[in-house]
Amino acid sequence: MTSTETVGSTGTTGTASTGAASGTVSDLETRLSERVEDSAAAVEPEAEPRFEKVQFASDDLEEARGSLESVYDGRQFRARATGEPFAFRFASAGDSRLSLQTGTFTAHLQGVIPWSRDYAMSWFRSGSVTVDYPVGQLTSEGSRPFLTPTETSFAFSMTPHRHGIVHVDASFFEAVASERHAGPPQRIVFDYAAVPTDAALAAWRTTLGDVTPLIVGEETPALARHAAQQALVRGMLDLFPWQAVDVPDALRTERTRRLRQAAEYVHTYADQAITTADIATAAGMHTRTLQLLMSEHLGSSPTNYVRHVRLDRARQDLLSSEPGSVLVSDVARKWGFGNLGRFSASYSARFGEYPRDTLAR
C-alpha cells in the first residue's frame with residue numbers, strides 16, 4: 001500500500017513557526033510529516049524558488065525501492081528484506097536552495113548515486129551506511145553527521161535505518177561559504193574523514209533545532225526561510241574542516257572529474273613537497289596525460305599550477321597578517337620560495353603589487 005502527497009507554495013506569506021526543536025531525526029520526521037497538507041499552489045515571484053513538501057509511504061518493498069531510486073535519480077537500487085514486516089516513509093520539505101529530508105526504510109538497500117555538484121549531509125537515528133567512491137570509503141558512526149562526496153558518483157550500502165538529510169544546491173552553498181573565505185564562490189572540499197568535536201556537534205544540533213520549523217513551515221516568510229537556510233549552511237561549514245578550491249567551472253563536470261581531482265590534490269597538499277608524478281597518481285592518470293589535460297583546460301603545466309596555488313596561499317597569509325607580525329621572507333619560505341627576489345617578481349606579476357605592499361595594507 002502506498003500514499004503520496006505533494007504540496008507546493010511560495011512560502012512568502014503568513015507567520016513563521018518559532019517553536020523549539022530538539023534536532024533529532026524523529027522530531028524532524030514528525031514535523032515534515034505533520035505539516036504536509038493539501039493546498040493549492042500560489043503564484044510566486046520569479047526570484048523566489050518554489051517551496052515544496054512531499055511525502056511517500058509504503059509497505060511494499062519493491063515499490064519503496066523504486067520510489068527512492070526515482071527520488072535520488074539513482075541506479076541499480078537493490079533491496080533485501082529482513083524477515084520482519086517492512087515499512088517505508090520518506091518526507092522532504094524545502095526549495096531548490098535547500099531541503100530537509102527524512103526517511104525510514106526497514107530493509108537493506110544498495111545502489112549508486114550519480115554525479116552531482118550539490119552538497120548533502122546525513123545523520124542516522126538507527127542503522128548505518130557505507131559509501132564507496134573513487135578515492136575512498138566512508139562509514140557512518142552512530143548518529144554523528146557525515147558528508148557524502150560531491151562531484152563524483154558513489155555506491156552505498158545501507159542497513160535498515162531511519163535517517164535525516166540536508167540537501168543544498170551547490171550555487172547557494174558556495175555563495176554562503178564565500179562569506180568565510182572572502183573570495184568569489186568556489187567549490188568547497190571537505191575533509192570527509194574528520195570527526196566533529198563535541199562542541200561543534202552541540203552547536204550544529206542547536207542550529208538544526210532552531211531553523212527546522214522555519215525551513216519546513218509552509219507559511220514561513222521568504223526572507224525568514226532564506227535566513228534559516230543560510231544559518232544551516234554556516235552550521236555545516238562549522239562542523240567539518242574545509243577549503244575553497246579555485247577550479248574553473250569547465251572542470252566541474254563528470255567528464256573532467258580526474259583533472260578536477262588533480263587540481264584539488266594540489267590545493268590540499270600545496271604546503272608539502274609534491275611532484276607532477278604525485279599529482280598524476282592521486283588523480284589516477286599518467287603524467288603525460290596530466291600535462292596535456294592541464295595545458296588544454298588550465299593553460300598551465302602542473303609545475304606552474306602548483307606555483308600559482310602557492311602564490312595564492314602566500315597572498316592569503318600576507319593579507320591576514322598584521323604589519324610587523326611576520327616577515328615577507330618567512331611567508332615566502334613557508335610556501336616553498338627560497339629566493340626572495342624571484343618570489344617578489346612572481347608575486348608582482350600575478351597580483352600587480354609586491355608582497356611587502358600587500359602586507360602593509
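The expected span of a helix is 1.5 Å times one less than its number of residues. This rule is applied to helix α8 in the second legend below; the model shown throughout is predicted.

**Figure 1. Overview of the predicted model.** The protein has 361 residues, and 48% of them are buried. Its secondary structure consists of twelve helices and 14 strands. Of the contacts between residues at least 6 apart in sequence, 75% join residues at least 24 apart. The accessible surface is about 17000 Å², and carbon and sulfur atoms account for 49% of that area.

**Figure 2. Helix α8, residues 287-298.** Twelve residues at 1.5 Å a residue should span 16 Å, and the end C-alpha atoms of α8 lie 16 Å apart, so the expected and modelled spans agree. Leu290, Met294 and Leu298 are the buried residues of α8. Viewed down the helix axis, these buried residues fall within an arc of 30° and therefore line one face of α8. Arg288 and Glu296 are exposed, on the face of α8 turned away from the buried side. After the helix comes Gly299, which has a positive phi near 65°.

**Figure 3. Cover over the buried side of α8.** The elements covering the buried residues of α8 include α6 (257-268), α7 (276-283) and α9 (302-320). Met294, one of the buried residues of α8, also appears in the second core described in the next legend.

**Figure 4. Two nonpolar cores.** In soluble globular proteins, nonpolar side chains tend to be buried together. The largest nonpolar core in this model contains 55 residues. Within this core, Val166, Phe173, Phe190, Trp204 and Leu232 have the most contacts. Helix α4 (residues 198-216) is the greatest contributor to the core, giving eight residues. A second core, separate from the largest one, has 31 residues, among them Val266, Ile274, Met294 and Val309.

**Figure 5. Surroundings of Phe173 in the largest core.** Leaving aside residues up to four places away in sequence, Phe173 touches Tyr119, Val168, Ile188, Phe190, Val233, Met236 and Leu237. Phe190, one of these neighbours, is also among the residues with the most contacts inside the core.

**Figure 6. Ser58 and its polar contact with Glu63.** Ser58 belongs to strand β2, which covers residues 51-58. The relative accessibility of Ser58 is 8%, so this residue counts as buried, the cut-off being under 20%. The side chain of Ser58 makes a polar contact of 3.3 Å with the side chain of Glu63.

Definitions and conventions: Residues are numbered from 1 along each chain as its sequence is written. This is a predicted model: local features need pLDDT of at least 70, side-chain atom pairs count only at pLDDT 80 or more; totals for chains, interfaces and linings use all residues. Side-chain values use heavy atoms; hydrogens and water are left out. Helices (H or I, at least four residues) and strands (E, at least two) are DSSP runs, numbered from the N terminus. Buried means under 20% relative accessible area, exposed over 50%, partly exposed in between (1.4 Å probe, protein chains only). A polar contact is a pair of N or O atoms within 3.5 Å; within protein, one must be able to donate a hydrogen and the other to accept it, and residues adjacent in sequence count only if both atoms are side-chain atoms. Contact means heavy atoms within 4.5 Å. Accessible areas come from the Shrake-Rupley method with a 1.4 Å probe; for residues, only the protein chains shown count as cover. The arc is that of the directions from the helix axis to the C-beta atoms. A nonpolar core is a set of buried Ala, Val, Leu, Ile, Met, Phe, Trp, Tyr and Cys residues joined through side-chain atoms within 4.5 Å.
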